[in-house]
Amino acid sequence: MRLVRIDRCESGIKLGKSIYSENGKILLAKGTELTNSFMKRLQNLGIHTIYIEDKESEGIDVVDSIPPELLNEATNVITEGLNSMSDGHSIKPTVQGMMKTEKAIKSFQSIFKDLLASLTENRTVLNLLATTKIHENHVYTHSLNVTIYACQLALENKLPQKQIEEIGLGALLHDLGKIFVKPEVLNKPDKLTNSEFELMKSHSELGFDILRKVPNIPLVVAHCALQHHERLDGKGYPRGIREKDIHPYAKILSVADVFDAVTSHRVYRNAMLPHQGMELLYSGSGTQFDIRQVKLFKKCIAIYPQGLTVTLNDGRVGIVSKYHFHSVGRPIIRIIRDEENQPVTPYEVDLSVNGNLTVEIVKADALL
């Protein structure tokens, strides 16, 4: 199967992976022939890239980093939990509100343990593009994706179980304050005004103020909400603190948070491809992001996902068919066009082997 942008698809093309509704039910099944009306509807629902079946990519199977059933369950837990914690959109603590919060925290801790077990047992490259799903509220899905990325990064850091669980809970709750930001500001397609941007930035302190009052969770979890937008050079927010004062958990979360934000579609901009998101992180290494965390992150993320159409430095065109854990920048490519851009009988080139080390990917467009 191949990763493509919907607006470049023609009517009659077959869907390569099922598309799920917000509650985890199959909306369009794998193999469905897409009509123009189907594709328009998907775009209106916020889906802009899909996996399709075609002859050139036949036999390329996209690996789910985490079982879709677990992702669906986690999305539901986060949605229900954050909704209950909003307590009628009031940030003033009440007894009823605190009870709802404690219940939600327990559900978050439980689902995180399931996610951690899945990542630990299945040490593969993360590709969160593999599951296509309709999302009504990007705060919920962003919280889940950041949790998965942060957990994988915590594993790469070889942190103790207790610290990984703290980071996981901090990641699940890092954007809690956004549930108190007006939807018209949160989802505004145009540039925010100064006052709107200040309101948006307030989510860090709002989340911290709520979480620090919750019994039975470490204060460092609240600091994940407070500090995930801080930057090493002091140009972050809300406090503008510098590298030495930023908690190590926040340095992990900032990498996961920015990567997911830029590789996810928003009403105000299109998504970057994973390799572009990684380039952005590297461009900010040492000034915004901890270089060690960026390097560890690159080792475990599918920066060239399976099904992605790429061009090599010798002019050949191919499709990413497989990748190697901890060698994600050197995947196996199924060549479909030669140096003169002429179709060829498909064959594979493994960029990780010694004989191909001079071969580089110079373009990756997913037919975008």
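How many disulfides does the structure hold? The answer is zero, and since a disulfide is a covalent bond between the sulfur atoms of two cysteines, I would like to stay with the cysteines for a moment before going further. Cys300 is in no disulfide, and the nearest cysteine sulfur, which belongs to Cys151, is 10 Å away; for a pair to count, the two sulfur atoms would have to be within 2.5 Å. Cys300 is also buried, with a relative accessible area of 0%, and Cys9 counts as buried too, because its relative accessibility is 12% and the limit for that word is under 20%. Please keep in mind throughout that what we are looking at is a predicted model.

Let me now step back to the whole protein. It has 368 residues, for which a compact globule would have a radius of gyration near 21 Å, and the value found here is 21 Å, so the two agree. If you draw a box along the principal axes, the C-alpha atoms fill roughly 65 × 45 × 45 Å. Of the 368 residues, 54% count as buried, while the protein exposes about 16900 Å², of which carbon and sulfur atoms supply 50%. The secondary structure comes to 12 helices and 11 strands. When we take the contacts between residues at least 6 apart in sequence, 65% of them join residues at least 24 apart.

With that in place, we can look at the helices, beginning with H5, which covers residues 161-172. This helix has 12 residues and reaches 17 Å from its first C-alpha to its last, which is close to the 16 Å expected at 1.5 Å a residue. Among the buried residues of H5 are Ile164, Glu166, Ile167 and Leu172. In the loop between helix H4 and H5 you will find Lys158, whose phi is near 55 degrees, a positive value in a residue other than glycine; at 73% relative accessibility, Lys158 counts as exposed.

Is helix H9, at residues 219-227, largely enclosed or left open? Seven of its nine residues are buried, so H9 is largely enclosed by the rest of the structure. The buried ones include Val220, Cys224 and Leu226, and what covers the buried residues of H9 includes H5, which we have just met, together with helix H8 at 203-211 and helix H10 at 248-262. In the loop between H9 and H10 sits Pro238, and the peptide bond that leads from Tyr237 to Pro238 is cis, with omega near 15 degrees.

Which residues does Glu156 touch, once its neighbours within four places in sequence are left aside? Glu156 is found in helix H4 and counts as buried, at 8% relative accessibility. Its contacts are Arg123, Leu296, Lys299, Cys300, Phe325 and His326, so you will recognise the cysteine from the opening in that list. By contrast, the C-alpha atoms of Glu156 and Phe108, which are 48 residues apart along the chain, are separated by 22 Å.

The contact with His326 takes us to the strands, because His326 lies in the turn of the hairpin formed by E8 and E9, with two residues between the strands and a positive phi of about 70 degrees at His326. Strand E8, at residues 317-324, is joined to E9 by six bridges, and the two run antiparallel; one of the pairings puts Val320 opposite Ile333 in E9. Eight of the 11 residues of E9 are buried, so this strand, too, is largely enclosed by the rest of the structure. On the other hand, E9 also pairs with E10 in the antiparallel sense, over five bridges, and Arg337 has Pro343 in E10 as its bridge partner. These two strands form a hairpin with five residues between them, and Asn341 in the turn has a positive phi of about 65 degrees; at 44% relative accessibility, Asn341 counts as partly exposed.

Finally, there is an open sheet of three strands, in the order E1-E5-E2, with antiparallel pairing. Strand E1 at 2-5 and strand E2 at 14-15 stand at the edges, each with a single partner strand, so one side of each is left without a neighbour in the sheet. Four bridges join E1 to E5, at residues 49-53, and the bridge partner of Leu3 in E5 is Tyr51.

Terms used: Residues are numbered from 1 along each chain as its sequence is written. This is a predicted model: local features need pLDDT of at least 70, side-chain atom pairs count only at pLDDT 80 or more; totals for chains, interfaces and linings use all residues. Side-chain values use heavy atoms; hydrogens and water are left out. The expected span of a helix is 1.5 Å times one less than its number of residues. Buried means under 20% relative accessible area, exposed over 50%, partly exposed in between (1.4 Å probe, protein chains only). Two strands pair if DSSP finds at least two bridges between them. The radius of gyration is taken over C-alpha atoms; the globule rule is 2.2 Å times the number of residues to the power 0.38. Contact means heavy atoms within 4.5 Å. Accessible areas come from the Shrake-Rupley method with a 1.4 Å probe; for residues, only the protein chains shown count as cover.
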